[in-house]
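Please find below some notes on this model, set out as numbered points. They cover cysteines, aromatic pairs and one surface patch.

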Amino acid sequence: LSRGLGDVYKRQDTFSSASIMSSKDTIDESLYSRQLYVLGHDAMKQMSSSNVLIVGALGLGAEIAKNIALAGVKSVTLYDPKPVMMSDLSSQFFLRKEDVGKPGVTRASATASRLSELNSYVPIKVLDVPSLDTETLQSFKVVVMTHALLSEQLRVNDMTHGSGTHFLSADVRGLFGTVFADLGTNFTCKDTNGEPPMDGIVVSVTQDKEGLVTTIDEKRHGLQDGDFVTFSEVQGMTELNGIEPRRVTVKGPYTFTIGDTSSFGQYKGGGLFKQVKMPEFLNFKSLRESLAAPECIISDFAKMDRPIILHAAFEALSSFEEQHGRSPRPRSKEDARAVVEQAQAILQSRGQLPEGEEANKLATWLTTELAFQATGDLSPMVAFIGGFVAQEVLKACSGKFHPLLQHMYVDVL
C-alpha cells in the first residue's frame with residue numbers, strides 16, 4: 001500500500017486539470033494501480049465517497065492527512081485553529097518559518113495549501129468553527145483526533161459513537177505512541193485479511209451428523225475454523241452443489257467438517273470446494289466505556305505487561321495537562337512525580353496495580369519517561385503512528401481488512 005501511495009505522489013504532475021474533471025466519477029486505474037491491486041475496486045469506491053476530518057495539524061496530524069490524501073478519499077478536512085509556533089516545525093513538514101506568528105494563518109490553513117498539491121483528485125478543506133458539534137461531525141465518515149486532551153476526545157467520541165461516524169484518536173509523545181479506534185456498534189468488515197479465497201479438489205465426503213470432507217493430499221486446504229465453503233461438480237451427493245455456505249471445522253491439513261450431511265445422497269466422486277468470504281460484524285466500545293477495561297492489541301510480545309501501564313500513564317498525562325494548562329516540563333522530576341502519582345491512583349482505583357517490586361518499578365519508570373518526553377515530537381515516531389492510523393482510516397472507509405480492536409500503545413525504550 002505504501003508503494004501505491006508513493007506512485008500517486010510521484011505521478012501527480014502528469015495529470016492535467018481536464019483529465020481530473022473527466023475522471024471525477026471513476027477511479028483512475030493508471031494513478032491508483034498498485035492500491036487497486038491491494039484493496040480492489042469496491043473498497044476504492046467506498047473510499048472515494050468518504051469525507052475525513054483530521055483534528056490537530058501538528059506533525060502527527062500532517063502525516064495522517066498526507067497519507068489519506070494520497071490514498072484517494074473524497075475529501076480531507078483539517079481543523080486546528082491555533083497559530084503556527086516555532087516548535088511546530090520540528091516534525092510538521094508542511095509548515096515553514098514564515099508561517100510562524102503570521103496574522104490570520106493557522107496550522108490548518110498553512111497545511112491545507114501545501115497538502116492540496118499532493119493529489120489534485122482530493123479536495124483539502126479547512127474547517128472554521130468555534131468547536132466541534134454533532135451536526136458538524138455527522139457530515140464526515142471518519143473523524144481522527146490527534147494530540148487532544150482526553151476530555152475533548154471523550155466529548156467528541158460521545159457524539160460520534162453510534163452515529164455512523166467512525167472515530168480514531170492518536171498521539172505521539174517522544175518515544176511513546178497511542179492509538180484508539182471506535183468504529184461503532186455494528187461495523188461490517190467485509191474481508192478480514194484480503195487474501196484470495198481458498199479452493200481445492202474433494203476426494204470424499206461422509207454421510208454423518210458432522211460430514212467429513214477429505215481433499216486431495218497434494219495440497220493443504222488452507223482453511224481455518226470458522227471459514228465458510230461451498231461446493232460444485234460433486235457427483236452423488238449433489239445436494240452440496242451450490243449449497244449455502246457451510247461453516248468449517250478443521251480436522252487436519254486435508255480434512256474438515258461441514259455440519260450435517262446425513263440426509264444427503266451417497267458421495268460417488270469428484271467435486272470442488274471454494275471458500276466464501278463472509279462479512280464479520282464488530283462491536284466497538286466507546287472511549288468512555290473502554291477506559292476502565294481497555295482491549296489492547298499487543299504491539300511487542302516482549303512487552304506484554306506494558307499496555308495497561310501506558311493506558312493509565314497517558315490518562316494521567318492528559319489530566320496533568322488539563323490541570324496545569326501545559327505539558328510536563330522536559331526532565332522535570334517534580335512534574336513527572338505528579339504524573340506518576342496520578343497514574344498509580346488510576347491503576348489502584350481499577351484494581352490494576354502491578355504486583356511485585358519489579359512490576360512497580362517498571363510502571364514508575366515508564367510513566368516517568370512519558371512525563372519527561374511529553375513535549376517531544378519525533379519524526380520517526382510520527383511517521384510510524386501516522387502510517388498506522390492512516391491504514392485504520394482506510395479500513396474504516398472501505399470495510400476491507402480487520403481494524404484495530406481498540407487500543408494500541410507502543411514505546412521504543
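1. A residue counts as buried when its relative accessible area is under 20%, as exposed when over 50%, and as partly exposed in between. By that cut-off Cys-397 is buried, since its relative accessible area is 2%. Cys-296, with 23%, is partly exposed. Note that the model is predicted.

2. How many disulfides does a search of the whole structure find? The number is zero. For Cys-397, the closest cysteine sulfur belongs to Cys-189 and lies 13 Å away, too far for a bond, because a disulfide requires the two sulfur atoms to be within 2.5 Å.

3. Six aromatic pairs are present in the structure. One of them joins Phe-187 and Phe-284: the ring centres are 6.3 Å apart and the planes meet at 80°, so this pair is edge-to-face. The pair ties together parts that are 97 residues apart in sequence, because Phe-187 belongs to strand S7 (residues 187-189) while Phe-284 sits in the loop between strand S15 (280-282) and helix H9 (287-290). Phe-187 and Phe-284 are both buried.

4. On the surface, Ile-201, Val-203 and Leu-272 make a nonpolar patch of about 220 Å². Within this patch, Val-203 is part of strand S8, which covers residues 199-205. Val-203 has a relative accessible area of 41% and is therefore partly exposed. That value also meets the requirement for patch members, which is over 30% relative accessible area.

Conventions: Residues numbered from 1 in each chain as written. Predicted model: local features only at pLDDT ≥ 70, side-chain atom pairs only at ≥ 80, totals over all residues. Heavy atoms only, no water. Patch = residues over 30% accessible without salt bridge, like charges linked within 9 Å, V, L, I, M, F, W, Y side chains within 5 Å. Areas by Shrake-Rupley, 256 points an atom, 1.4 Å probe, with all protein chains shown as cover. Salt bridge = Lys/Arg side-chain N within 4 Å of Asp/Glu carboxyl O. Helix = DSSP H or I, 4+ residues; strand = E, 2+ residues; numbered from the N terminus. Buried < 20%, exposed > 50% of the residue type's maximum accessible area, 1.4 Å probe, protein only. Phe/Tyr/Trp six-rings, centres within 6.5 Å; stacked < 30°, edge-to-face > 60°.
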